[in-house]
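Let's take a look at how the helices pack here and how the two copies sit together. Keep the structure open while you read.

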Number of protein chains: 2
Amino acid sequence: MKLLSPDELEAALRDIGAKRYHRLHPFHALLHGGKCTKGQVQAWALNRYYYQAMIPIKDASLIARCEDSAIRREWRSRLVDHDGEREGEGGIARWLKLTDGLGLDRDYVTSLRGLLPGTRFAVEAYVHFVREKTLLEAIASSLTELFSPVIIGERMAGMLANYDFVTRETLSYFDKRPPQAERDADFALDYVKRNAKTPEQQAQVLAALEFKCGVLWSMLDALYHAYVDPKLAPPGAFVTSDP
Amino acid sequence: MKLLSPDELEAALRDIGAKRYHRLHPFHALLHGGKCTKGQVQAWALNRYYYQAMIPIKDASLIARCEDSAIRREWRSRLVDHDGEREGEGGIARWLKLTDGLGLDRDYVTSLRGLLPGTRFAVEAYVHFVREKTLLEAIASSLTELFSPVIIGERMAGMLANYDFVTRETLSYFDKRPPQAERDADFALDYVKRNAKTPEQQAQVLAALEFKCGVLWSMLDALYHAYVDPKLAPPGAFVTSDP
């Protein structure tokens with residue numbers, strides 16, 4: 001292993017995104033390409049809800065292990081983004097507008113009763129990673145946000161164009177995210193470029209981003225196996241009312 | 001054990017404060033009564049710094065295990081209070097103005113090199129309690145704030161009257177705390193009154209407050225033993241320059 005310059009490290013991170021980000025997953029192509037049934041879109045939104053709901057828990061876990069007030073303060077904005085300033089605001093509430101708009105019962109969604117085990121395990125692996133790895137790795141694992149503005153753009157345009165059951169209002173979650181994600185990704189990228197000072201630390205940073213790409217990827221895998229090519233959907237999972 | 005009404009539970013909590021809160025500790029009487037040397041006041045501020053510095057980590061740990069967005073949002077205000085909105089703001093920064101004003105080197109304070117082991121263990125026990133006990137117990141352990149406005153009032157008046165090396169500016173931390181503590185304590189008290197629904201849960205809530213009173217008490221014990229009646233101050237701890 002040789003020490004990369006900060007810019008080489010950034011290039012290596014972006015290369016991971018180009019090769020492993022879930023934008024390349026076949027479920028994403030079906031979703032934004034208008035090839036999903038309404039039930040499949042519902043299953044996606046319902047499962048992704050758990051990821052959204054756990055994000056502030058993940059972020060507070062990171063703050064909880066961070067000894068630097070300036071970093072905690074910066075990271076706190078993520079809590080604000082997801083939990084909002086009051087009831088009905090923030091990313092989780094906006095995600096529930098999406099599940100509402102798709103005709104899912106809100107209590108059913110938030111109960112997690114219909115969640116796929118594969119979603120649960122992937123999301124919980126992410127929270128545990130952030131709690132247990134070094135702060136540098138925890139911060140690096142957020143770097144999938146470098147790539148999210150593009151996927152969000154594709155998702156919004158594709159879903160609005162292709163599904164008559166999806167409205168701009170329903171997708172309000174995605175309106176807010178790109179500038180938040182850019183701000184957060186800029187901070188995290190700058191942090192890892194300045195703080196990964198040895199080849200070992202740089203390898204940890206790269207591995208953290210690969211891990212996180214795997215989390216997002218396996219969430220779409222779980223959906224694909226259960227709802228697109230349902231060889232054996234897990235008992236108890238959400239059942240679509242597609243014909 | 002019998003089930004208490006919410007008001008009986010509140011009375012029992014207040015009774016714990018009346019009997020166990022560190023306002024009753026002899027070090028508090030010395031501090032606000034003008035009986036401490038400057039070195040002892042410095043030792044108090046230096047050791048208490050670690051408690052202040054760990055509070056947002058404790059609070060983020062609580063947020064990190066909380067599944068209710070509304071509670072997370074409410075609890076987030078504590079992060080704002082302690083870490084502020086920008087560099088130089090918030091409770092930790094105001095505590096460092098106190099240690100500055102007392103003539104302590106800021107790097108030495110924040111390095112924790114002079115910290116008493118007793119302070120470290122008490123503060124870390126608090127963080128671990130919040131991470132590991134039930135959410136109800138974690139919230140209940142914050143209830144010492146019910147009693148803090150009185151002790152802060154005594155401390156400010158007594159320290160300003162009795163020490164020529166203490167100014168109003170130096171004590172700016174304490175100006176801000178009482179309304180924050182009241183708001184936070186009101187929320188936490190209401191939460192435990194509504195959520196401790198069985199005799200077992202009520203016993204847990206009472207025990208959590210007793211535990212927390214023990215944390216604050218043992219921090220003053222450590223100071224008392226090392227700096228007032230220094231039978232054996234731990235090696236490496238802050239050494240006063242008192243004559």
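## An antiparallel pair in chain A

In this predicted model, α7(A) and α11(A) run roughly antiparallel to each other, because their angle falls in the class over 145 degrees (under 35 is roughly parallel, 65 to 115 roughly perpendicular and the rest oblique). Helix α7 covers residues 117-132 of chain A and helix α11 covers residues 199-228, and they pack at about 165° with their axes 8 Å apart. Axes here are lines fitted to C-alpha atoms, for helices over the stretch in contact, with angles from 0 to 180 degrees between N-to-C directions. Helices are DSSP runs (H or I, at least four residues; strands are E, at least two), numbered from the N terminus.

Who touches whom? On the α7(A) side you'll find Gly118(A), Thr119(A), Ala122(A), Ala125(A), Tyr126(A) and Phe129(A), and they meet α11(A) residues including Phe211(A), Val215(A), Met219(A) and Ala222(A). Contact means that the C-beta atoms, placed from the backbone, lie within 7 Å. By class, this patch has eight nonpolar, three polar and two charged residues. In that count, Ala, Val, Leu, Ile, Met, Phe, Trp, Tyr, Cys and Pro are nonpolar, Asp, Glu, Lys and Arg are charged, and the others, Gly among them, are polar.

## Two helix pairs in chain B

Over in chain B, the axes of α3 (residues 38-64) and α7 (residues 117-132) come within 9 Å and cross at roughly 10°. α3(B) and α7(B) are therefore roughly parallel to each other. Among the α3(B) residues in this contact are Tyr50(B), Met54(B) and Ile57(B), while α7(B) brings Val123(B), Tyr126(B) and Val127(B), among others. The tally for this contact is nine nonpolar, three polar and three charged residues.

Then there's α5 (residues 91-101) with α10 (residues 172-195) of chain B: their axes come within 8 Å and cross at roughly 145°. Gly91(B), Arg94(B), Trp95(B), Lys97(B) and Leu98(B) in α5(B) touch Ser172(B), Tyr173(B) and Lys176(B) in α10(B). Sorted by class, that gives three nonpolar, two polar and three charged residues.

## Where the chains meet

Between the chains, 16 residues of chain A contact 16 of chain B. Two elements of chain A, α3 (38-64) and α4 (69-83), each give two or more residues to that side, and α4(A) gives the most, with seven. The chain A side splits into eight nonpolar, three polar and five charged residues.

A turn of 180° and a shift of 0.0 Å along the axis lay chain A on chain B with an RMSD of 0.0 Å. The fit is by least squares on C-alpha atoms of residues with pLDDT of at least 70 in both copies. The two copies are thus related as by a two-fold rotation axis. In chain A, the C-alpha nearest that axis belongs to Ala60(A), 2.5 Å away. Both copies use the same surface, with 100% of the contact residues of chain A recurring in chain B.

## Confidence and bookkeeping

pLDDT is the predictor's confidence in each residue, from 0 to 100. Chain A averages 94, and 99% of the residues score at least 70. The model's ipTM is 0.79 and its pTM is 0.87.

Residues are numbered from 1 along each chain as its sequence is written, while chains are lettered from A and ligands numbered from 1 in the order in which they are written. As this is a predicted model, local features need pLDDT of at least 70 and side-chain atom pairs count only at pLDDT 80 or more, but totals for chains, interfaces and linings use all residues.

Key: Two residues are in contact if their C-beta atoms, placed from the backbone, lie within 7 Å.
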